[in-house]
Amino acid sequence: MQLEEREKLEQEIRALSKQGDLAGAVERALEGYGQEIMRLMASVLHDYERSRDAFSLFSENLLRGLSGFRWESSFRTWAYRLARNACYQVMHAPAGREQPMTTSRLPDEAIKMRSETRPWQRTSVKERFRALRESLDPQERMLLLLRVDQRLSWDEVARVMSEGEEELTDAALKRKAAALRQQFQRIKSHLRSLAEEEGLISPDADDSPTHA
């Protein structure tokens, strides 16, 4: 989605919300951001059913929480935070959670289940780099996805990755962003080492499994 399109979408969601049409605002948000949110969840959870469950939980929390959203960040940033929390809830939830009411609205076409072929047997170098990323733990994958794939700013990443419900002060936000930036660099170094071990890049090459 281009920047102009995203800005228009943000304005539409906010206008509907200010008019008191929370259901309409959520519907528009899911139309605009649903597929990218679902792709994020599928990449983090690596499980079709859990991704669907996480998206349903995200949709429910979106509707419940929108009236209290203070618009101190973009709607997209707040939505990604809800998506992150939904992923972690599902990862730690006991089996057998009841199917939420929003299941029929899930963007199934956004989920592409990857081959069961072992990662190192894939012929595409790009796929092998992706497999390296998928070997990371969910929180590390989330950080890479937000920064590299979704191109969120470091302040936006810090808001998404923050714990608890309290809004961050400017100083706390900067500290969180700086810590995540350092973690990101450590992840890049780790992935580079793995790529060298697998022969994907040479020790003196500029290539890396991540950029940003």
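This report covers the nonpolar core, helix 8 and the buried Arg76 of a predicted model. Local features need pLDDT of at least 70, side-chain atom pairs count only at pLDDT 80 or more, and totals for chains, interfaces and linings use all residues. Residues are numbered from 1 along each chain as its sequence is written, and side-chain values use heavy atoms, with hydrogens and water left out.

The largest nonpolar core holds 55 residues. Such a core is a set of buried Ala, Val, Leu, Ile, Met, Phe, Trp, Tyr and Cys residues joined through side-chain atoms within 4.5 Å. Buried means under 20% relative accessible area (1.4 Å probe, protein chains only). Met41, Phe58, Leu62, Phe75 and Leu146 touch the most other members. Eight helices, listed below, each supply at least two core residues. Helices are DSSP runs (H or I, at least four residues), numbered from the N terminus.

| Helix | Residues |
|---|---|
| Helix 1 | 3-18 |
| Helix 2 | 22-45 |
| Helix 3 | 48-65 |
| Helix 4 | 75-91 |
| Helix 5 | 125-134 |
| Helix 6 | 138-149 |
| Helix 7 | 154-161 |
| Helix 8 | 170-197 |

Helix 2 gives the largest share, eleven residues. Beyond four places in sequence, Leu62 is in contact (heavy atoms within 4.5 Å) with Val26, Ala29, Leu30, Phe75, Trp78 and Leu82.

Helix 8 has 28 residues and reaches 41 Å from its first C-alpha to its last. That is close to the expected 40 Å, taken as 1.5 Å times one less than the number of residues. Its buried residues include Gln183 and Lys188. Gly199 follows helix 8, with a positive phi near 75°.

Arg76 lies in helix 4. Arg76 is buried, at 7% relative accessible area. Beyond four places in sequence, its contacts are Arg6, Glu10, Tyr33, Glu36, Gln150 and Leu152.

Notes:
Buried < 20%, exposed > 50% of the residue type's maximum accessible area, 1.4 Å probe, protein only.
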